[in-house]
Amino acid sequence: MIRCIGILTSGGDCPGLNAAIRGIAKAAIQRHGMEVVGIRDGFRGLVENRVQRLDTQSLSNVLTLGGTILGTSRDKPNKMLMGDQVLDMTAVAVANARSHGIECLVCLGGNGTQKNAHHLQRAGGLDVLTLPKTIDNDVHGTDVSFGFDTAMTIAAEAIDRLHTTATSHDRIIVVEVMGNSAGWLALGAGLAAGADVILIPEIPYDLHVVKDYLLERQRRYGKRFSIVVVAEGALTREQAAAARLNRKNGAPKVEAAPGSDDELHGRRLVHESLATSLARQLQALTGTDARVTALGHVQRGGGPTPADRLLCTRLGVKAADLLAEGVVNVMTAVRGTEIVPVPLERVAGRKQTVPAGHPWLHAARSVGTCLGVADADLQA
Ligand code: F6P
């Protein structure tokens, strides 16, 4: 029987983290009589030994609160910037957890967190349990991750608003939503808000297909406004081919060194954003005035939707119930209407992107949405 658990939140924050912390901790304390230790700022707080005891008092009034009451960071236990050195702090992280009597560490996060938790278990021998969190919805092994419904709702509402101004001015509005390697958010929000064009990382696009589609909308239907939703990681066909070639030739992934000027100033801030360059090109090619809106971190801010609150509470309570049964080293996952444990080794290091032939793609094509390639080029 597990008597004491730790909880940390790691990676980008997202709506629902507090609802999930509350679900785990309340069930662990009230139903199973466990002690719960909150760890500040993800794996860095564990390494730096910054903890706080969680009790029912500290868990009150957090269900609807955005962000995370524990704080978060993107640090990895095995590659952590300590002063001016990058060090493997796995042993310190595990020793600190043990010093607080933590028998299982519950980690709430996306793909990076799943990997880090798995690493602590394999290399450090610390039992872990994870919950799938990300607005990108790309955690493998679960039907859905928490935070996605809220982000999709925010993005769809924003696109609705952009629709009326685009119509009034006869403009193309390019809306950039988050999603570096998965297009769930762009596709879901775009479909829900009736976007005319949706571009996602899984389907490298042809600029001329988009241009022809927009001109045809004008010519055939007299519609001079259009909404183009683009995921931040969408690529043209040429860019995708170049990236494939680089990978094939073993070219190293270009990453900013921790603490370097590139990292500090954010490459994406100094380079023209994808949405801006797309808007500029479409304006030139179609002769229609274009504008850009990047939704950015608005999609991650604020409180969770009722659907996310419900999901987080269910995922959290299931986590506590599994721990009470001694089930560890799993992720609580959504399968249909059930919450089930999935072995962490089947989750860590894998990503759930939009598969070819997914029903959402079929729906988009069927209502005439342009996905950036000719229909014949899309796999069934
Ligand atoms: O992983 C979630 C996410 O919101 C991605 O969609 C986005 O690319 C990234 O985080 C942004 O990270 P940061 O908040 O560190 O800029």
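The paragraphs below lead through a predicted model, beginning with the surroundings of its ligand and going on to a tryptophan, a strand pair and the cysteines.

The ligand is a convenient place to start. Ten residues surround the ligand, and the closest of them are Arg74, Asp136, Glu232, His297 and Arg300. When the residues of this shell are sorted by character, five are charged, three are polar and two are nonpolar. Some of the contacts can be followed atom by atom: a polar side-chain atom of Asp136 lies 2.6 Å from an oxygen atom of the ligand, and a polar side-chain atom of Arg74 lies 2.9 Å from an oxygen atom of the ligand. The backbone takes part as well, since a polar backbone atom of Gly179 is 3.5 Å from an oxygen atom of the ligand. Taken alone, the ligand would expose 400 Å², and the protein buries 76% of that area.

From the ligand we can turn to helix α6, which covers residues 184–192 and includes Trp184. Is Trp184 buried or exposed? With a relative accessible area of 6%, Trp184 counts as buried, because the cut-off for a buried residue is under 20%. Trp184 can also be placed with respect to Cys312: the two are 128 residues apart in sequence, while their C-alpha atoms are 19 Å apart in space.

Further along the chain comes a pair of strands. Strand β12, made of residues 330–335, and strand β13, made of residues 338–343, pair in the antiparallel sense over six bridges. Within this pairing, Ala333 stands opposite Val340 of β13. The two strands form a hairpin with two residues between them, and in this hairpin Gly336 takes a positive phi near 60°.

The cysteines come last. How many disulfides does a search of the whole structure find? The search finds zero. Cys4 can serve as an example, for Cys4 is in no disulfide and the nearest cysteine sulfur, which belongs to Cys104, is 10 Å away. That separation can be set against the cut-off, because two cysteine sulfur atoms count as a disulfide if they lie within 2.5 Å. As for exposure, Cys4 is buried, with a relative accessible area of 6%, and Cys370 is likewise buried, with a relative accessible area of 6%.

Technical notes:
Residues are numbered from 1 along each chain as its sequence is written. This is a predicted model: local features need pLDDT of at least 70, side-chain atom pairs count only at pLDDT 80 or more; totals for chains, interfaces and linings use all residues. Side-chain values use heavy atoms; hydrogens and water are left out. Two strands pair if DSSP finds at least two bridges between them. Helices (H or I, at least four residues) and strands (E, at least two) are DSSP runs, numbered from the N terminus. Buried means under 20% relative accessible area, exposed over 50%, partly exposed in between (1.4 Å probe, protein chains only). A residue is near a molecule or strand if one of its heavy atoms lies within 4 Å of it. A polar contact is a pair of N or O atoms within 3.5 Å; within protein, one must be able to donate a hydrogen and the other to accept it, and residues adjacent in sequence count only if both atoms are side-chain atoms. Accessible areas come from the Shrake-Rupley method with a 1.4 Å probe; for residues, only the protein chains shown count as cover. Ala, Val, Leu, Ile, Met, Phe, Trp, Tyr, Cys and Pro count as nonpolar, Asp, Glu, Lys and Arg as charged, and the others, Gly among them, as polar.
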